[in-house]
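Please read the following note alongside the sequence and the coordinates, since each point refers to residues that can be checked directly in the viewer.

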Amino acid sequence: MSEVAALKMTTVLEPIDKAGLAALAEKGKANPLNVVTLKSRTVCESKFRNLTYVRDLPAHVIDEPPHLLGDDTAPNPSEAALATLGSCLSVGLHANAVARGITLSKIELELEGDIIVTAVWGVGDLSDKTLGFSDVRVKVHLEGDASRDELADLVAHANRWSPVANTLRNPVGVDVALA
């Protein structure tokens, strides 16, 4: 590591367990078509404030900002989608850095997405338009004991293999029906 890189790395992010990561990778290689079903349950608490339950964790709150008639107590669903993408990319960056022997001192992602909201959940302007994000941009700030080219390759690899990024990029069957 160069002296400049050594000076920049004042704090190191706690790495994940490399042996555990290797074991998880081998498990995936042994059964490459394994599909798991993730589940959550969302309950409307009041107005647009929703509580989403995942596993046995405390409720994750979703709300809308005042200009969308919410109480501004939590991110809105689209903001939560950006947060989910950021977290998924961060996990992939950290795991792949560990796998590659790169020590990171900073992972920070800035995300923004463009969305047309005039349809107002189907009660506003219903003219033909693309719903959902039309564009999402992510700026990744990484610091560690690797060259800029190695960090850029790490970002490209994490983006390529991110389940959430690929969910946003690829067509996904969605079935919504009255229970």
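The points below take up the nonpolar core, the salt bridges and the aromatic side chains of this model, which is predicted.

1. The largest nonpolar core has 14 residues, and those that touch the most other members are Leu93, Leu104, Ile107, Leu142, Leu151 and Leu154. Two or more residues of this core come from each of α3 (77-100), β4 and α4 (148-161), with α3 giving the largest share, namely four residues. As general background, nonpolar side chains in soluble globular proteins tend to be buried together.

2. For leucine 154, once neighbours within four places in sequence are left aside, the contacts are Leu93, Asn96, Ala97, Arg100 and Leu142. Of these, Leu93 and Leu142 are also listed, like Leu154 itself, among the core residues that touch the most other members.

3. The count of salt bridges comes to seven, and three residues, Glu112, Asp114 and Arg137, are linked in a network of such bridges. Within it, arginine 137 pairs with glutamate 112, the closest N and O atoms being 2.8 Å apart, and this pair links strand β5, where arginine 137 lies, to glutamate 112 in strand β4, 25 residues apart. The side chain of arginine 137 also meets that of aspartate 114 at 2.9 Å, N to O; because aspartate 114 lies in strand β4 and arginine 137 in strand β5, this second pair ties together parts that are 23 residues apart in sequence.

4. With regard to solvent, arginine 137 is partly exposed, with a relative accessible area of 35%, as are glutamate 112 at 44% and aspartate 114 at 32%.

5. A salt bridge within a helix is formed by lysine 29 and glutamate 26, whose closest N and O atoms are 3.6 Å apart. Both residues lie in helix α2 (residues 18-30), three residues apart, which is about one turn of the helix. Lysine 29 counts as exposed at 59% relative accessibility, whereas glutamate 26, at 48%, counts as partly exposed.

6. The structure holds one aromatic pair: the ring centres of phenylalanine 48 and tryptophan 121 are 4.9 Å apart and their planes stand at 55°, so the pair is tilted. Phenylalanine 48 belongs to the loop between β1 (41-46) and β2 (49-53), and tryptophan 121 to the loop between β4 (104-115) and β5 (133-144), so that the pair links distant parts of the chain, 73 residues apart. Phenylalanine 48 is partly exposed at 31% relative accessibility, while tryptophan 121 is exposed at 52%.

7. A further tryptophan side chain deserves a look: arginine 160 lies over the face of tryptophan 161, at 4.4 Å from the ring centre.

Methods:
Residues numbered from 1 in each chain as written. Predicted model: local features only at pLDDT ≥ 70, side-chain atom pairs only at ≥ 80, totals over all residues. Heavy atoms only, no water. Phe/Tyr/Trp six-rings, centres within 6.5 Å; stacked < 30°, edge-to-face > 60°. Buried < 20%, exposed > 50% of the residue type's maximum accessible area, 1.4 Å probe, protein only. Lys NZ or Arg CZ within 6 Å of the ring centre and 35° of its normal. Core = buried A, V, L, I, M, F, W, Y, C linked by side-chain atoms within 4.5 Å. Contact = heavy atoms within 4.5 Å. Salt bridge = Lys/Arg side-chain N within 4 Å of Asp/Glu carboxyl O.
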